[in-house]
Amino acid sequence: MAHLHRPETLAEACALLAELDDPMVYGGGTAIQILLKQGILFADNFVDLALIPGLREIGRNGSELRAGPMVSVRRMETDRQVREFAPLAASAYRNVANPRVRNTASVGGNIAHGDYRLDPPTALLVLDATVDVASVRGTRSIPVREFFVDFQLTALELDELITAIRIPAVPPRAAGRFVKNSSLSANDWPCASAAVLVVDSGAKREVRIGLGAVAPVPRYVSFDATGLNDQEVVDAAIEAIAPAVEPIPDVRGGVEYKERLARVTVEDAVRGAWKDLDA
Ligand SMILES: Cc1cc2nc3c(=O)[nH]c(=O)nc-3n(C[C@H](O)[C@H](O)[C@H](O)COP(=O)(O)OP(=O)(O)OC[C@H]3O[C@@H](n4cnc5c(N)ncnc54)[C@H](O)[C@@H]3O)c2cc1C
């Protein structure tokens, strides 16, 4: 029978992850509960982070925003600091599932879940966020762009837990757009999603694209869009994403459908961000 451990400090949680047989961090539990019910998750020991103080805080640290791992997805959607500092991230978190899931799911659990269809990683990729982790061996920081390793596999070691997500300030002249397209119902997982950030440094214009649900992992692509007009930038974006789009066929659509939807989704996001930057 599985045991639920409820440490009251981070050090205690790290020690439990190092000592116990087959341990698993318990965040909001929305993914864990479903996987348990489906009979595809087996863990002997769950380490619940709910009683550890300080893990539900959002704050500014110099030129970056820091969110604790137990901050709810709903709070990332509604918190004024997140909406003002990283509106693109707030927009992606707002698109996760439905209010019931968003109220319970945590920032740490969302990214650690490692599912290729997750919405928030698309924005975190273009914003160049960092994942802070801890274990009995110490702490380390992983760029989000190196976090998703393979299908359902992240860069987290088995004894590590996420302690924060850090999002740096976007450059002064930049515009972002998150677009999600679902094929079953409005608040279902995406069939294709994209976050786009266009950054204008004066001499150069860069387009950054985070792709969700169209490859075995969330993918990141960027290209130089200096001097392009609003049709050329869409054409360049569609060309740039082509090698990164490797859809997994499922009930939400086959390969060709998802490839096409990826192009439509990216076109909408690029057009939107490009227009906002020049508005
Ligand atoms: C009906 C439904 C629809 C959904 N639709 C969407 C959608 O449209 N878009 C989307 O993006 N997501 C969607 N999701 C997924 C949802 O975002 C995840 O279930 C949720 O974010 C997981 O967060 P959690 O805190 O509940 O994680 P948990 O269920 O607690 O954990 C998930 C995984 O993360 C690990 N973990 C948790 N916290 C930490 C931590 N601090 N450090 C290290 N590892 C940790 C756990 O060990 C586990 O492996 C949906 C989920 C459901 C149930």
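How many residues of the shell around the ligand are nonpolar, how many polar and how many charged? The shell divides into 20 nonpolar, nine polar and three charged residues. The model is predicted. The points below cover the shell, the contacts with the ligand and an open sheet of five strands.

**The shell around the ligand**
- The ligand has 32 residues around it, and those that come nearest are Val25, Gly28, Thr30, Ser106 and Asp119.
- Two or more residues of the shell come from each of strand E2 (23-26), helix H2 (30-37), helix H7 (107-113) and strand E10.
- Helix H7 gives the most, with five residues.

**Contacts with the ligand**
- A polar backbone atom of Gly27 is 2.8 Å from an oxygen atom of the ligand.
- A nitrogen atom of the ligand lies 2.8 Å from a backbone N or O atom of Ile162.
- For Asp188, a backbone N or O atom lies 3.4 Å from an oxygen atom of the ligand.
- On its own the ligand has 960 Å² of accessible area, and the protein covers 90% of this.

**The sheet**
- The strands of the open sheet follow the order E4-E5-E10-E6-E7, and their pairing is antiparallel.
- Strands E4 (58-61) and E7 (138-143) stand at the edges with a single partner strand each, so one side of each has no neighbour in the sheet.
- On average, neighbouring strands are turned by 25° against each other, direction ignored.
- Strand E5 (residues 64-67) and strand E10 (residues 161-168) run antiparallel and are joined by four bridges.
- Arg66 has Arg166 as its bridge partner in E10.
- Helix H1 (residues 10-19) packs on the sheet and touches strands E6 (130-135) and E10.
- The direction of H1 makes about 120° with that of E10.

How values were computed. Residues numbered from 1 in each chain as written. Predicted model: local features only at pLDDT ≥ 70, side-chain atom pairs only at ≥ 80, totals over all residues. Heavy atoms only, no water. Pairing = 2+ DSSP bridges. Axes fitted to C-alpha atoms, helices over the stretch in contact; angles between N-to-C directions. Contact = heavy atoms within 4.5 Å. Near = heavy atom within 4 Å. Polar contact = N/O pair within 3.5 Å; in protein donor to acceptor, adjacent residues only side chain to side chain. Areas by Shrake-Rupley, 256 points an atom, 1.4 Å probe, with all protein chains shown as cover. Nonpolar A, V, L, I, M, F, W, Y, C, P; charged D, E, K, R; others polar.
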